[in-house]
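Colleague: I am new to reading structures, and I would like to understand how the words used for them are justified. Could we go through the reasoning step by step?

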Amino acid sequence: ENFFYMKINDASIFIHKAFQKDNPVERWADLGCGGGTFTYALVDNLKPGSMIYAVDKVMPLLNSTNEVRIQNISADIENIVFVAEELDGILMANSLHYIKDKSKLIQRLGSFLKVNRKFLIVEYDTNKANRWVPFPLPFKELELLFKNPEFSHLNKIGERNSIFGPQKMYACIVSRLFI
């Protein structure tokens, strides 16, 4: 789960196209952060002074760095609440495939994003469920999930082989335009 075998540096490279060198200080949420591989990949890609809410059902024990503050939150990602338009980005790495009603969750989470900010999604490109991926989200279904006037600029930024089988993993950014 949550890329137990992926190294932080690999995860950082996998998502780096979602960020620009001139990004301002930002506030992100990593929903379903697990052991923190992608949380620390975010640290590598965010400007110093940024903040990450690391959220998981089991209390994460991730340490802030000199560059980026990490706030650990124990919560179910389907019920987590942030202030409206508080976040610059939401990372969901290997967590959306645990959610049955993805559309409802995305609509709710979208209200926490500032205008012109983004979701960063990392998932398996498969439609075959198993005990680790109960509700798969192949890329074609992700495109349908975000086919909504509120979102635009869906862009696959990376793809790599999975160590868990023949399917690929993908990374994708989706921008929120307006509500």
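**Rings, burial and the sheet**

Modeller: Let us begin with a charge and a ring in this predicted model: Lys118 lies over the face of Phe19, at 5.6 Å from the ring centre.

Colleague: What makes Lys118 count as lying over the face of Phe19?

Modeller: The NZ atom of a Lys has to be within 6 Å of the ring centre and within 35 degrees of the ring normal, and the distance for Lys118 is 5.6 Å. Lys156 likewise lies over the face of Phe139, at 4.4 Å from the ring centre.

Colleague: Why is the pair of Phe139 and Tyr170 called edge-to-face?

Modeller: Ring centres must lie within 6.5 Å to pair, and planes over 60 degrees apart count as edge-to-face; the centres of Phe139 and Tyr170 are 5.3 Å apart and their planes stand at 80°, so the pair is edge-to-face. This pair links distant parts of the chain, since Phe139 belongs to helix α4 and Tyr170 to strand β7, 31 residues apart.

Colleague: How do you know whether Phe139 is buried or exposed?

Modeller: Buried means under 20% relative accessible area, and Phe139 has 12%, so Phe139 is buried. Tyr170, at 0% relative accessibility, counts as buried too.

Colleague: Strand β7 belongs to a sheet of seven strands; why do β3 and β6 stand at the edges?

Modeller: The open sheet has the order β3-β2-β1-β4-β5-β7-β6, and β3 and β6 each have a single partner strand, so one side of each is left without a neighbour in the sheet.

Methods: Residues numbered from 1 in each chain as written. Predicted model: local features only at pLDDT ≥ 70, side-chain atom pairs only at ≥ 80, totals over all residues. Heavy atoms only, no water. Pairing = 2+ DSSP bridges. Helix = DSSP H or I, 4+ residues; strand = E, 2+ residues; numbered from the N terminus. Phe/Tyr/Trp six-rings, centres within 6.5 Å; stacked < 30°, edge-to-face > 60°. Buried < 20%, exposed > 50% of the residue type's maximum accessible area, 1.4 Å probe, protein only.
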